[in-house]
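Here are my notes on this one, jotted down while going through the model. Have a look at the structure first, then read on.

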Amino acid sequence: MEDGDVYDCIDVYKQPAFNHPLLKDHKIQMKPNSFPVWMDTQTFPSDSFSQVQPSIIKCPIGTIPILRSNGSSTIATHNIDGLKNDMQWERAGLRYIGDLFGARALINVWEPKVNKGSQDYSSLWIDIENGGGQHTDRMGAGLRVSPTLSGDAFSRFHVAWYDGYSKKSCVDFRCPGYVQVHHNVGPGTRIQPSSVYGGLQKVVDIQIFKEPTSGHWWVSVNKMPIGYWPGGLFEFIRYKGDFAFWGGQVEGPTAASNSLQMGSGHFASEGFGKVAFIEGIDIADHKGRFVTPDKSRVEHGSSDHSRYTAGGFEVSKYIGMRIFYGGPGSMRA
């Protein structure tokens, strides 16, 4: 790639997903049979921000791109919500409690600072879960800065999931489960340029939704479906989710004790153009429609208000539901 990344173009039928024992005889689905219907009619002001296109990887049709990482090959998984006892984590953003069959939003693109060589990471993220306690399935997608995972401090698109039955977590292709189908865009791709503090803001559209015919949970970037988790992969989230989160997350061995930046590295009170935001927040309902969540089922906040905040919550016909979040942690922007 022009940006220096190296990808291997792997036969779509020989990708790591099919090493999973539950997927030995899986019949790959190259595109969703249907998409959730958009019920909102908001129009986004063109002078407020612009959409970023992920780097296009020129793999041939019939193959899928897998980033040849410069990161540590010994770190095979990252948990996506901090349930591991040896992992520290903090969160700030918005959560929805109730049945859902998908989640989407426009994520404001930033590259939060993460210490070079650190095993910690900072994410701008959406995830969906179902279950309770240790028996909780989760799946997520968004942007992440993770030197351990990618070998650099760039903001990249990633997917992650946690299997509450086997108590195993994973990112991208580090263990089998996620099925990639798009030959030009995939996990690990750089999302650039980033937003400018006090200047032009960049966004990327991330969707996760359950396709009712197959039962697969699809991921799309800027409305391009790129891959999915087969529904049969999970025990508790097989049919629906009961919780969703949109916002920032930091995690790792020292993520709380030596906390890193979240979002733009600035607190939510600074507002648009200076703070990370997520807007156009929707859930997919049981009728297969993307709708604005019921405000009575939504909460926003932070796990540590001295380091990260969430605020500026609003709902309007022009932007849908929006939240600002982030903070410097122990670092300066």
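1. Let's start with a cysteine. C170 has a relative accessible area of 1%, so C170 counts as buried (buried is under 20% relative accessible area, exposed is over 50%, and partly exposed is in between, using a 1.4 Å probe and protein chains only). C170 is bonded to C175, with the two sulfur atoms 2.0 Å apart; a disulfide here is a pair of cysteine sulfur atoms within 2.5 Å. C175 is buried as well, at 10% relative accessibility.

2. Some housekeeping before going further. This is a predicted model, where local features need pLDDT of at least 70 and side-chain atom pairs count only at pLDDT 80 or more, while totals for chains, interfaces and linings use all residues. Residues are numbered from 1 along each chain as its sequence is written, and side-chain values use heavy atoms, with hydrogens and water left out.

3. How many disulfides does the structure hold? There are 2, and counting bonded cysteines along the chain gives the pattern 1-2, 3-4. Besides the C170 pair, C9 and C59 are joined, again with sulfur atoms 2.0 Å apart. C9 sits in strand β1 (residues 7–11) and C59 in the loop between β3 (49–51) and β4 (63–67), so this bond ties together parts that are 50 residues apart in sequence. (Strands are DSSP runs of E with at least two residues, helices are runs of H or I with at least four, and both are numbered from the N terminus.)

4. Staying with that bond, the torsion about the S-S bond of C9 and C59 is about -80°, so the disulfide is left-handed. The two ends have their own surroundings: C9 is partly exposed at 38% relative accessibility, whereas C59 is buried at 4%.

5. Now the sheet. An open sheet is made of 7 strands in the order β10-β9-β8-β7-β15-β5-β18, with antiparallel pairing; two strands pair if DSSP finds at least two bridges between them. β10 (168–171) and β18 (298–302) are the edge strands, each with a single partner, so one side of each has no neighbour in the sheet. From one strand to the next, the twist averages 15°, based on axes that are lines fitted to C-alpha atoms (for helices over the stretch in contact), with angles from 0 to 180 degrees between N-to-C directions.

6. Within that sheet, β7 (residues 121–132) and β8 (residues 135–145) pair in the antiparallel sense over 11 bridges. If you want a register marker, N130 stands opposite D137 in β8.

7. Salt bridges next: the whole structure has 13, each being a side-chain nitrogen of Lys or Arg within 4 Å of a carboxyl oxygen of Asp or Glu. One of them joins D282 and R104 at 3.7 Å, N to O. That pair links distant parts of the chain, with D282 in strand β16 (residues 276–284) and R104 in strand β6 (residues 102–108), 178 residues apart. Both D282 and R104 are buried.

8. Which residues join D152 and R156 in one salt-bridge network? D5 does, through bridges that share partners. The R156 to D152 contact is 2.7 Å, N to O. R156 is buried at 1% relative accessible area, and D152 also counts as buried, at 16%.

9. One last pair to check: D304 and R307 form a salt bridge at 3.7 Å, N to O. D304 has a relative accessible area of 19%, so D304 counts as buried.
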